[in-house]
Structure formats: structure tokens, C-alpha cells
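Please walk me through how salt bridges and a chain-to-chain contact are read from a model.

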Amino acid sequence: MRTLFAFHGGVHPPTHKEESTRTPIAQTPLPSKLVIPLSQHVGNRAVPIVQVGERVLKGQKIGRPEGKLSSAVHASTSGTVTAIDMQLVAHHSGLPDLCVTIVPDGKDEWIAHRGVDISQTSHSDLRHLLRKAGVVGLGGAVFPSDLKTDAHHHKIKSLVINGAECEPYITCDDMLMRERATDIVRGANLLRELLHAEEVLIGIEDNKPEAIAAMHLAVEQDKHDKMEVLSVPTMYPSGGAKQLIRILTGIEVAAGVRSTEMGVQCFNVATAYTAWRALAHGEPLLSRIVTVTGNVTDAQNFDVLIGTPLEELVALAGSKPDTDRHIMGGPMMGVDLPAGTIGITKATNCIIESSPKLFPPQPPALPCIRCTRCADVCPAELQPQDLYWFAKSNNFGKTEEFHLFDCIECGACAYVCPSNIPLVQYYRYAKSEIHERERDKKAADLARERHEYRQLRIERDKQEKAEKLAQKEREAAAKAAQAAATPVATPDDTQQKLIEEALARAKAQAAAAHPQNTETLTPEQSAEIAAIEARRAKIREMAADAGADDEPPKSH
Amino acid sequence: MISALWVMIGISLLLGAVLGYSAIKFKVEGNPLVEKIDAVLPQTQCGQCGYPGCKPYAEAIAKGEIGINKCPPGGEEGIQKLADLLGVEFQPFGEGAGPKGKAVAFIDEQTCIGCTLCIQACPVDAIAGAAKQMHTIIASECTGCELCLPPCPVDCITMESIEENITNWKWRHPVIIPIKAVA
């Protein structure tokens with residue numbers, strides 16, 4: 001029996017998970033259109049590689065990853081691209097971003113795809129396939145998985161598979177584990193091999209007995225001896241990566257340190273499932289499980305195509321008429337969605353239909369009484385009351401001193417606050433102000449450097465010019481002195497000499513104009529030149545290819 | 001008595017020598033305050049303060065020749081930072097000078113005649129082009145100083161303000177709803 005550890009603080013909000021776990025995962029019919037954002041992951045936005053009016057097939061890549069930290073985006077079904085434009089997306093700002101709109105043709109026609117033999121494929125190729133399949137972390141952070149599986153820098157001992165799903169209302173991972181445990185376990189084993197990890201620890205909160213049983217069964221059936229399913233106590237936020245690592249391994253991931261440096265890597269169960277589907281079956285990330293719950297008649301989980309409009313999805317669950325807003329994610333960390341037209345993304349784990357009855361508006365915030373209840377529940381062991389004080393008064397240097405960037409924005413502090421202070425909003429405000437200042441500082445440093453270099457260059461040019469001028473003057477003076485010293489030549493002599501000189505110059509020029517080394521070539525030399533030309537043409541062709549698609553995998 | 005005197009003289013000579021040596025060895029080149037002030041300034045090199053660049057303005061502030069409220073790109077926050085650094089009172093912007101939103105220059109490439117005057121004016125080499133060739137702004141390097149606007153003979157350069165988008169969007173300060181006083 002493995003010893004489990006506890007993290008500091010935590011809260012027990014009502015879970016509301018029963019409503020959406022009564023029926024199995026439902027398939028959604030094809031929506032009337034798909035609005036697929038090109039930035040569904042951490043990092044650079046994918047670059048669209050389709051045109052308006054083009055017909056696309058299910059699984060066809062429509063966005064190519066840009067730079068290292070990026071991921072591919074695919075068409076979730078076959079149809080026609082009708083627009084590539086700015087549309088509202090699921091983001092705190094409520095601002096639009098670049099999306100591809102596809103109208104399905106109803107045929108749901110797949111592009112040619114097949115899985116690879118995982119044991120016969122090199123790890124770098126597998127990682128490249130993950131990148132091409134657009135696999136990102138589905139637990140909410142949407143970090144490209146190909147980067148997380150790169151085990152070259154650190155020795156990984158434990159791979160933590162996160163099935164805790166601690167936030168109220170959300171049940172998508174629970175249902176996925178109940179129904180598709182075998183694929184999750186195979187995916188976890190695949191990730192373990194990629195990371196060369198010694199053990200796999202699957203952490204599931206003890207309020208999901210069916211999921212735990214299903215996962216146990218899957219592990220036993222596949223005889224994975226390095227894998228262990230562990231039931232962890234129900235406590236929010238045990239599903240935070242740092243918190244779950246602490247519970248399962250006892251390792252405290254310090255501030256500013258990545259868990260990989262301590263020998264642990266963490267993936268969500270849905271990510272393990274998707275990675276398996278991508279590699280063993282060649283299916284890119286086209287759909288995900290989404291919980292639709294809250295103010296609906298039939299709360300349940302759906303297997304939803306990425307890009308499905310929100311309103312069409314909630315209609316399937318029977319959204320009640322008094323719904324006033326949609327929340328993506330859970331009630332603790334969720335995002336208020338700006339409109340019903342936005343498309344479901346890779347990060348959408350749950351949609352909560354909210355009504356004033358379900359989530360009454362927050363009463364006005366009262367002054368902080370420094371009761372430090374927030375400090376008692378903070379899982380990052382911070383002093384939220386101090387952070388609040390400094391963030392409110394724009395004292396950002398102090399917030400950093402108090403480790404603002406260790407805050408995981410779980411909302412436990414705001415949940416227990418007797419004064420109803422929106423604490424997390426203050427921390428987010430302070431964080432984005434600090435990021436802005438860092439950006440400004442970087443820009444200023446760059447501008448300073450460029451300006452100083454320019455001054456230097458101008459100064460150097462001036463000096464060089466002055467030097468040249470001085471040189472010329474010296475030469476002219478020397479010539480004058482020489483002319484004064486030599487006796488004056490007769491006019492005939494001088495003219496004859498000038499003509500001879502001009503003739504010699506013309507001859508030399510004519511000789512220089514014809515490169516003569518190619519005229520008398522041996523056959524071997526000609527053959528060599530032809531081979532070089534062929535190589536050049538090939539390189540040009542390859543460069544053109546690389547420009548059209550992303551770089552080929554680097555083999556190790 | 002005499003020996004004590006000699007000891008005191010000896011110590012004073014030794015310490016004097018050490019101090020004299022360190023004064024030469026660890027001499028600070030230039031005014032360190034200028035560097036500190038320059039680090040606070042936004043480095044747009046726009047000259048709106050009346051000095052040819054941020055460094056000359058920093059030198060002038062360090063000498064006490066000019067106020068700290070002459071830098072519009074730095075905004076009020078910049079003034080506050082300078083005030084904190086120098087231990088002086090915050091001064092509001094003078095008349096005619098006020099903070100401006102961020103912007104980048106944009107060259108209308110149809111109108112550009114390739115005269116290179118703007119290239120010569122740009123303090124951070126953010127314009128690419130050559131004589132009789134079309135010019136363009138390297139937007140990521142442009143500081144929005146507007147120094148390229150006056151020399152352009154065909155007025156083909158405009159300033160475009162940077163709109164808020166998903167990448168540069170910031171969380172706002174949570175608005176505090178004041179509680180009504182009980183009557």
C-alpha cells in the first residue's frame with residue numbers, strides 16, 4: 001500500500017457531479033457549422049493553410065503549427081471552408097480571434113489515416129506525430145504534449161496521470177475513465193515509454209468509485225506491472241498538477257521549478273487517451289468529451305466535435321429559458337463566455353448553464369478583515385490577504401516578493417472569503433500588469449541597444465570619411481611635390497605614353513570580361529559541375545517543400 | 001607617549017594609502033545616476049522632451065537642468081517612477097505634453113517614392129529600404145516616436161495605434177462597488 005501525502009489547505013465545495021453521470025456519453029449530431037479557433041493551445045497561433053471555398057476532409061490539417069511552442073489544428077468533419085476571419089472565442093477578454101468556419105457536407109468523410117507501429121517507431125518521430133495530430137493537454141492548460149514528452153533534459157521517475165477532476169460539476173474525465181479506460185491505460189503506457197519513466201501513478205478522487213474500478217480492471221487486463229491506480233481523498237484543488245504530484249509522490253515542486261526537474265511529469269487522463277488515438281489509430285484531436293450541466297433538463301456528457309457552436313450543444317441538453325450566461329470550465333475557475341456562437345475548443349471540458357437562481361450575483365465586496373481564512377485554505381501556501389493588499393494598491397514589486405506567480409488561481413481563497421472579495425481577479429490583474437511591464441522593459445532594452453548601435457555606426461562612418469579625405473589630401477600633396485621635382489616632359493612623349501596606357505587598359509579589360517577557365521574543361525570536370533548543379537536544384541526543391549509544410553522530424 | 005603618536009601616524013598613513021588606492025582602482029566611470037534614470041525612460045528616442053534621445057534627457061535630469069515631466073511616452077507612471085528614484089515630488093504633465101497611446105508607423109507603399117529621408121530619421125533603424133526602392137516599417141522594432149513623419153516629402157507615413165487583442169489584453173483592476181451609507 002502506497003503512502004499518500006497531503007497538500008496544504010483546500011476546500012470542500014458541493015460537487016454536483018451526480019446530475020451529469022446518470023447517462024453514458026452521448027454522440028452529438030453534425031452541427032450546422034463549425035467555428036474552429038486557430039489558437040486553442042498555449043503558444044503561437046496556428047497559421048491557416050486552407051482557403052475560403054476549399055473542400056476539406058475530416059482530419060485534414062487546416063492550421064499549421066508556427067514555431068516550437070505551437071500545435072496543429074484540424075477540420076473536425078468534411079465540408080467547405082466558408083470563412084477565415086476574426087470571431088468571438090472562449091477567452092476571458094471577450095475579444096475576437098482568428099477562426100476557420102466550416103459548413104459540414106454531412107458525409108463525415110475521413111482523410112486517409114492510419115496508426116503507426118509504436119514499438120517500431122523512434123521516439124522523436126512519435127513526438128512529431130503528436131505535434132502533427134494537434135495533441136495538447138486536455139486538463140485545461142492546453143500545453144502542446146509533444147514538448148512535454150521530451151525527456152532529454154531530465155530523468156523522469158514517476159509519470160502522474162491526472163484523473164482527480166476536483167472541480168465541481170465537471171464529469172468529463174470521470175465518464176471517459178468509466179467508458180474508455182483501456183485506451184487511457186494504453187496511452188499512459190505509451191507516455192511512460194516516451195518519458196522512460198519507471199512508474200505510472202493514476203490519481204483519481206475517491207468520489208468516482210466506478211471510474212476507479214474501470215481503471216483497475218483495464219490495468220489488470222493489459223498487465224501493466226509498472227502502473228498503479230490510486231484513490232485520493234476528495235478535496236479541491238487536488239487536481240492541480242502540483243497538488244496531485246504532492247499527494248501521490250510527496251514531492252513539493254518548488255517555486256520557479258518544473259516538475260520534470262524533480263523527476264515527475266503529469267498528464268491528464270483525456271490527454272493520454274487522445275495521444276493513444278493519435279498514434280495507434282492516426283486520428284488527430286477532432287473531438288473531446290464535454291460535460292453540459294447546470295440549468296439544463298438533461299445534464300450529461302457529450303462527445304463533441306471541436307468547433308461545434310455552443311448554442312447547438314447546450315440545446316441538446318435542454319438549456320432552460322432562464323439561462324443568463326454560459327460558463328466554460330467549473331464554477332471555481334471557469335470563464336464567462338461572451339456569446340452563444342463561439343465554438344467548442346480543445347480546452348472546453350465543461351459548459352455550465354447559469355441562471356440567477358443557480359449562481360446568485362456576488363454580494364458587494366466588503367473590506368478585508370484579515371481573518372486569514374484564505375491563507376488557511378491556500379494550496380500554494382501563500383498569504384492571499386497580503387497579496388490582495390499589494391495588488392489592490394498596485395504595489396507589484398511586493399506581490400512578486402510574496403510569490404504571486406505561485407498562485408494557481410484556484411479560487412479557494414475567494415470561496416471562503418467572508419467579505420466576498422474577488423481575490424483571484426486581483427491576482428490576475430497584478431499578474432498581467434507585471435507581464436506588461438516585462439514586455440515594455442524588453443522593448444525598451446531593444447530600442448536602447450539599436451539606438452546606441454546606430455549612434456556608434458554614424459560616428460564610425462564619420463571617422464572613416466574623415467580619414468579617407470585626409471588620405472586623399474596627403475596623396476594630392478605628394479603628387480604635387482613629385483610633379484614639381486620631375487622635369488617637364490615633351491608634349492609628344494606624354495601623348496604617346498597616354499595612348500599606350502589606354503590600349504593596355506582596354507586589352508586587360510577585354511581579357512577580364514571573358515572567364516576563361518570554363519572553356520578548356522576535361523570531361524571529369526564537366527561531370528562534376530553537372531553533379532553540383534543537380535545537388536543545388538535538389539536543395540532548392542527541399543527548401544521550397546519545407547516552407548510549405550512544417551519541418552521534417554529530426555532523427556536522433 | 002611618543003610611541004602612541006607614532007602608532008597613530010602609522011595607522012593614518014596606512015588607511016590614507018588604502019583609501020587613495022581604492023579611489024583610483026574602483027573609480028566609477030560616468031554618473032551612475034544617469035544609467036538609472038535611462039533605465040526608467042521608455043527608450044522611444046522621440047525627442048519630445050527637447051533632447052536628442054533618452055540618454056541626453058537622462059543626463060539633463062541628473063544635472064537638474066530640466067523637470068521629470070517632459071516624457072509623454074513614459075506616461076504618468078514614468079513620472080512616478082522618476083519621482084521615486086530621485087526622491088522628488090510627482091509633477092503632472094505640463095501644458096501641451098500628455099501621455100499618448102502606443103502606436104507604430106505605417107508606410108503607404110503605393111505613395112512611397114524611396115527617398116530614404118525617413119530611414120535617416122529613424123533612431124532605431126526600424127525602416128527597411130533603399131534609394132528609389134519602396135520602404136517599409138519593421139513593426140516589431142518601431143518605437144512609435146513619430147520622427148519619420150516630418151521628413152517624408154510625400155506624407156506617406158501615418159501612425160497606427162495598437163489595438164487591444166487577445167495577446168496584449170490585460171486584466172482590469174476589479175471595480176469596487178461602494179456600499180451605500182446607511183441613512
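The dialogue below takes up the contact between the chains and then some salt bridges.

This is a predicted model, in which local features need pLDDT of at least 70 and side-chain atom pairs count only at pLDDT 80 or more, while totals for chains, interfaces and linings use all residues. Residues are numbered from 1 along each chain as its sequence is written, chains are lettered from A and ligands numbered from 1 in the order in which they are written, and side-chain values use heavy atoms, with hydrogens and water left out.

Q: How many residues does each chain give to the contact?
A: Contact means heavy atoms within 4.5 Å, and here chain B gives 34 residues and chain A gives 33 residues.

Q: How many salt bridges are there between chain B and chain A?
A: Side chains of opposite charge can pair when their charged atoms come close. The rule asks for a side-chain nitrogen of Lys or Arg within 4 Å of a carboxyl oxygen of Asp or Glu, and between chain B and chain A the count is eight. One of them joins B:Asp125 to A:Arg457, with the closest N and O atoms 2.9 Å apart.

Q: Which parts does the salt bridge between A:Asp108 and A:Lys58 tie together?
A: The closest N and O atoms of A:Asp108 and A:Lys58 are 3.2 Å apart. A:Asp108 lies in the loop between strand E8 (96-104) and helix H1 (123-132) of chain A, and A:Lys58 in the loop between strand E4 (55-56) and strand E5 (61-64) of chain A, so the pair ties together parts that are 50 residues apart in sequence. Helices (H or I, at least four residues) and strands (E, at least two) are DSSP runs, numbered from the N terminus.

Q: Is A:Lys58 buried or exposed?
A: Buried means under 20% relative accessible area, exposed over 50%, and partly exposed in between (1.4 Å probe, protein chains only). A:Lys58, at 11%, is buried, whereas A:Asp108, at 30%, counts as partly exposed.
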